Amino acid sequence: MNTLSILFITSFIFLPIFALAQTHTDVLLPKPSFTGKKSVEEAIKARRTVRHFKAKALNLEQLSQILWAAYGVTANGFYKSVPSAGALYPLDIWVAAGKNEVEGLQAGVYHYIPKAHRLTQVKAGELRDDIARASLYQSWMAEAPVILIITGEYERCTRKYGERGIPYTYIEAGHAGQNIFLQAEVLGLGIGIVGAFHNDVVQKVLGIGKVYDPILIMSVGYK
Ligand SMILES: Cc1cc2nc3c(=O)[nH]c(=O)nc-3n(C[C@H](O)[C@H](O)[C@H](O)COP(=O)(O)O)c2cc1C
């Protein structure tokens, strides 16, 4: 067998593996900061729902800080930034980043992994308009460089608490949502919050499983 045919055969083996690896890009986030430029009182006072965003990209530090505030690990390598019934942590946070909208991040959908403080890409491409369309055509949502989606996997909570695990999951999403609002305020950013969307369409657009029920969608950008 000559070199050319060996190259030809091995390309059939390695190219699909390489392509698969490419669709699962991992991005290690910068370490979050534990000090800020505004007091919690100032952030609470200033917080508002923002529905217009400047055409200005975010950087990974800003995204990292917001994700850490939302659902990052804060103690013992386990406890998170929000209270959680039974410390069962039923939420997941997904990031839909626009094209050239976050320095160092390709356009696509990413899954936030709190323990490793990293992002794993689950889908490539510009999907912000699709998310806005799935949210009853609230087109302002897609003006923001990043859209965060908070989902709940109820089973993590209901297997201990039965039906009460469902409201417990919603309550926890509210905690994460408020942390996102306040952290953004400290960073000089604005947040839009949306509860009106078709859950199944959002799941399809993001390319996530049916177990991840979308609860809140939040746009992040410069006000
Ligand atoms: C669960 C929930 C769902 C919401 N859904 C939407 C929405 O779909 N579209 C929207 O423009 N605002 C939405 N909002 C934002 C509210 O309209 C807003 O919080 C309210 O008007 C008070 O304004 P403020 O957040 O600036 O204080 C939602 C807020 C919450 C808490």
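A polar contact is a pair of N or O atoms within 3.5 Å; within protein, one must be able to donate a hydrogen and the other to accept it, and residues adjacent in sequence count only if both atoms are side-chain atoms. Keep that in mind as we look around.

## What you are looking at

This is a predicted model, in which local features need pLDDT of at least 70 and side-chain atom pairs count only at pLDDT 80 or more, while totals for chains, interfaces and linings use all residues. Residues are numbered from 1 along each chain as its sequence is written, and side-chain values use heavy atoms, with hydrogens and water left out.

The protein chain has 7 helices and 9 strands (DSSP runs numbered from the N terminus: helices are H or I with at least four residues, strands are E with at least two). Of its 223 residues, 47% count as buried, meaning under 20% relative accessible area, with exposed over 50% and partly exposed in between (1.4 Å probe, protein chains only). The chain exposes about 11,600 Å², and carbon and sulfur atoms supply 60% of that area; accessible areas come from the Shrake-Rupley method with a 1.4 Å probe, and for residues only the protein chains shown count as cover.

## Around the ligand

Which residues are around the ligand? They are Arg47, Arg48, Thr49, Arg51, Gln138, Trp140, Ile193, Val194, Gly195 and Ala196, each with a heavy atom within 4 Å of it. By class, this shell has 4 nonpolar, 3 polar and 3 charged residues. Here Ala, Val, Leu, Ile, Met, Phe, Trp, Tyr, Cys and Pro count as nonpolar, Asp, Glu, Lys and Arg as charged, and the others, Gly among them, as polar.

Now for the atoms themselves. One ligand oxygen is 2.8 Å from an N or O atom in the side chain of Arg47, and a ligand oxygen is also 2.5 Å from an N or O atom in the side chain of Thr49. A ligand nitrogen is 3.3 Å from a polar backbone atom of Ile193. Taken alone, the ligand exposes 620 Å², of which the protein buries 54%.

## Strands 8 and 9

Strand 8 covers residues 190-194, and 4 of its 5 residues are buried, so the rest of the structure largely encloses it. Its antiparallel partner is strand 9 (residues 213-221), with 5 bridges between them; two strands pair if DSSP finds at least two bridges. One of the matches is Ile191 with Val220 in strand 9.

## Strand 6 and its partners

Strand 6 (residues 118-124) is home to Gln121. Is Gln121 buried or exposed? Gln121 counts as buried because its relative accessibility is 1%. Its side chain makes a polar contact of 3.3 Å with the side chain of Tyr110.

Strand 5 (residues 108-113) pairs with strand 6 in the antiparallel sense over 6 bridges, and Gly108 stands opposite Ala124. Their hairpin has 4 residues between the strands, and His117 there takes a positive phi near 45°. Strand 1 (residues 26-28) also runs antiparallel to strand 6, joined by 3 bridges, with Asp26 partnered by Thr120.

## Gln203 in helix 7

Helix 7 (residues 199-206) includes Gln203, which is buried, with a relative accessible area of 6%. The side chain of Gln203 reaches the backbone oxygen of Tyr212 at 2.9 Å. Leaving aside neighbours within four places in sequence, Gln203 is in contact (heavy atoms within 4.5 Å) with residues including Ile208, Lys210 and Pro214.
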